[in-house]
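Let's take a walk through this structure together, going from one pair of strands out to the whole chain. Please have the viewer open as you read.

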Amino acid sequence: MISVSSYDIFFKCLKCGTCCRNLHIKMGEWTLGLFLLPDEIELFPEDKIVPMWGIGLKGRSRPRPETIGVFQLDSNRCVHLTKQNLCQIYLKRPVICQAHPLSLTIEQGQVISASVNGSCKGAKHIPSNTKVNLSKYFGYDVVKANAIASGYLEKMFRESNGFIWLWDLGSHKWKRVTEAKYPTDEFRFRSISTTGGP
Ligand code: SF4
Ligand code: SF4
């Protein structure tokens, strides 16, 4: 276990709105937006919702996923951010917003590594592989939200038969991603840490 002093971990939202205003992130060849579970898309205007992750395969002339597991918001600034940098739907905001600014790698219920979103001015960095009581610093609900999001992704990967699809907001095309090609946890969990929630 790595011991970390309480000065190394700190979080207090400054209500700067940065995390809700910069939702598009560039990761290698992909541009991705706010991660949304299927039952969260109704919180946003229909014309701003596009798929994010898919599994399965259909269509020979135009190959595409059979099932969409995760959606994304195609808007760099969240439609629910007010001029005062507050969230209009705070109490029912998406799980990824609840997870911010923590980014946890969780496998079989165990936290493998932890970090905070580098663009969040209200949070100090956690060295990766740190084993501390994260609930103490970020709150139980933030840790739980991370577990929900990563558990959902793990289930998708298990059902994926070795490859998944990503909808790239830059090219507006599906891209097929093989297990060998993405840098595993970094890719997976950076992709669920794109957002925030003042
Ligand atoms: S969570 Fe961080 S980035 Fe988001 S509003 Fe609060 S301080 Fe700013
Ligand atoms: S917390 Fe989430 S839903 Fe709320 S304004 Fe920010 S990005 Fe939008």
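**From a strand pair to the whole chain**

A good place to begin is strand S4 (residues 49–55), which pairs with strand S5 (residues 67–73) in the antiparallel sense over six bridges. To find this pairing on screen, look for Trp-53: its bridge partner in S5 is Val-70. Keep in mind that you are looking at a predicted model.

Now widen the view. S4 and S5 belong to an open sheet of five strands, whose order is S3-S5-S4-S8-S9, with antiparallel pairing. At the edges sit strand S3 (34–36) and strand S9 (173–178), each of which pairs on one side only. If you follow the sheet across, the twist from one strand to the next averages 30 degrees.

Let's move to the S9 end. Strand S8 (residues 163–168) runs antiparallel to S9, and six bridges join the two. Here Leu-166 is a handy marker, with Lys-175 as its bridge partner in S9. S8 and S9 form a hairpin with four residues between them. If you check backbone torsions, stop at His-172 in the turn, where phi is positive at about 55 degrees.

What about the packing? The largest nonpolar core has 41 residues. Those with the most contacts inside this core are Leu-34, Met-52, Leu-73, Ile-96, Ala-99 and Leu-102. Helix H4 (residues 140–158) supplies the largest share of the core, namely five residues. Leu-73 deserves a closer look: leaving aside residues up to four places away in sequence, Leu-73 touches Leu-23, Gly-33, Leu-34, Leu-36, Phe-44, Lys-48, Ile-49 and Cys-78.

For a contrast with the core, turn to strand S7 (residues 110–116), where you will find Ser-113. Is Ser-113 buried or partly exposed? Ser-113 has 18 other C-beta atoms within 10 Å, and a residue needs 20 or more to be buried, so Ser-113 counts as partly exposed. Ser-103 is ten residues away from Ser-113 along the chain, and the C-alpha atoms of the two are separated by 8.3 Å.

Finally, step back to the chain as a whole. Its secondary structure comes to five helices and nine strands. Reading from the N terminus, the elements run α-β-β-β-β-β-α-β-β-α-α-β-β-α. The chain has 198 residues, of which 35% count as buried. Among the contacts with a separation of 6 or more, 68% are between residues 24 or more positions apart.

Key:
Residues are numbered from 1 along each chain as its sequence is written. Chains are lettered from A and ligands numbered from 1 in the order in which they are written. This is a predicted model: local features need pLDDT of at least 70, side-chain atom pairs count only at pLDDT 80 or more; totals for chains, interfaces and linings use all residues. A nonpolar core is a set of buried Ala, Val, Leu, Ile, Met, Phe, Trp, Tyr and Cys residues joined through C-beta atoms within 7 Å. A residue is buried if 20 or more other C-beta atoms lie within 10 Å of its own, exposed if 12 or fewer, and partly exposed in between; C-beta atoms are placed from the backbone. Two residues are in contact if their C-beta atoms, placed from the backbone, lie within 7 Å. Two strands pair if DSSP finds at least two bridges between them. Axes are lines fitted to C-alpha atoms, for helices over the stretch in contact, and angles run from 0 to 180 degrees between N-to-C directions.
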